[in-house]
Each structure stands twice: as C-alpha cells, then as structure tokens.
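I'm opening a fresh page for this one. I want to look up which charged side chains pair up, then what sits inside and what sits outside.

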Amino acid sequence: MLLDPDNLTMRYNFACGFAALHEIDVALDLLGPVFERDAAETVIWAKVDPDLDAVRDNPRFKAMMQQADARLAAANDSGSSPAS
C-alpha cells in the first residue's frame, strides 16, 4: 500500500483478505476508493464475490454499492467510459 496506494486491484484483494478475517471496517475502508473509481466489472463482481460475503449485508457496504451503481449509471448515461 505504501508503494502503490492508488492500485485499486491491490486494494480490492486486500479487502477480500480482511473480510475473510472478519476485519469489516478495514475491508470497507479499502473498498471505498475501489467503488469510487474502478470499472463496472469490479463493481459487478463485488456483488457476487464470495470473498466479500462477510461484508455483503453491512449497511456501509450496501451504501457504497449503491453509490458505485449510481456513478456507473451516470457515466453510462453521459456516454463516458466508466473505467478509471
């Protein structure tokens, strides 16, 4: 994280690990930037990724997913690419 803090794939993978350890707040902190900036494929995968089962019912996770969906829908409506 110190060497490449903007690496969204790394953040997502670390979040999966922390979710598996039931470190929910850490996992959600890591996922925040991912859902704010990453491509639609990542957001779609996060909805079904079994590695995130521990956080799926968390209200904070649900809110982040709703915001990501809204961001991607707005980008799609405006014709711009949803990828970062």
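I started with Arg60 and Asp29, whose side chains meet in a salt bridge at 2.4 Å, N to O. For that term I used a side-chain nitrogen of Lys or Arg within 4 Å of a carboxyl oxygen of Asp or Glu. Arg60 lies in helix H4 and Asp29 in helix H2, so this pair ties together parts 31 residues apart in sequence. Helices here are DSSP runs (H or I, at least four residues), numbered from the N terminus.

A reminder to myself: this is a predicted model, where local features need pLDDT of at least 70 and side-chain atom pairs count only at pLDDT 80 or more, while totals for chains, interfaces and linings use all residues. Residues are numbered from 1 along each chain as its sequence is written, and side-chain values use heavy atoms, leaving out hydrogens and water.

Next I checked Asp25, which also has a salt bridge to Arg60, at 3.9 Å, N to O. Asp25 lies in H2 and Arg60 in H4, so the pair links parts 35 residues apart in sequence. How exposed are they? Asp25 counts as exposed at 54% relative accessibility, and Arg60 as partly exposed at 32%. My cut-offs were buried under 20% relative accessible area, exposed over 50%, partly exposed in between (1.4 Å probe, protein chains only).

I then found Asp69 and Lys47 in a salt bridge at 3.0 Å, N to O. Asp69 lies in H4 and Lys47 in the loop between H3 and H4, so parts 22 residues apart in sequence are tied together. Shared partners join Asp25, Asp29 and Arg60 into one network. My count came to five salt bridges.

Then I looked inside. The largest nonpolar core (buried Ala, Val, Leu, Ile, Met, Phe, Trp, Tyr and Cys joined through side-chain atoms within 4.5 Å) has 22 residues, and Tyr12, Leu28 and Leu52 are among those with the most contacts inside it. H1 (8-20), H2 (24-37), H3 (40-46) and H4 (59-78) each give two or more residues to this core. H2 gives the largest share, seven residues. Beyond four places in sequence, Leu52 is in contact (heavy atoms within 4.5 Å) with residues including Tyr12, Leu31 and Phe61.

Which side chain of opposite charge is nearest to Asp49? I found Arg56, 5.9 Å away; Asp49 is buried yet has no salt bridge. Asp49 sits in the loop between H3 and H4, as does Pro50. Pro50 is exposed, with a relative accessible area of 52%.

Definitions and conventions. Lys and Arg count as positive and Asp and Glu as negative; His and the chain ends are not counted.
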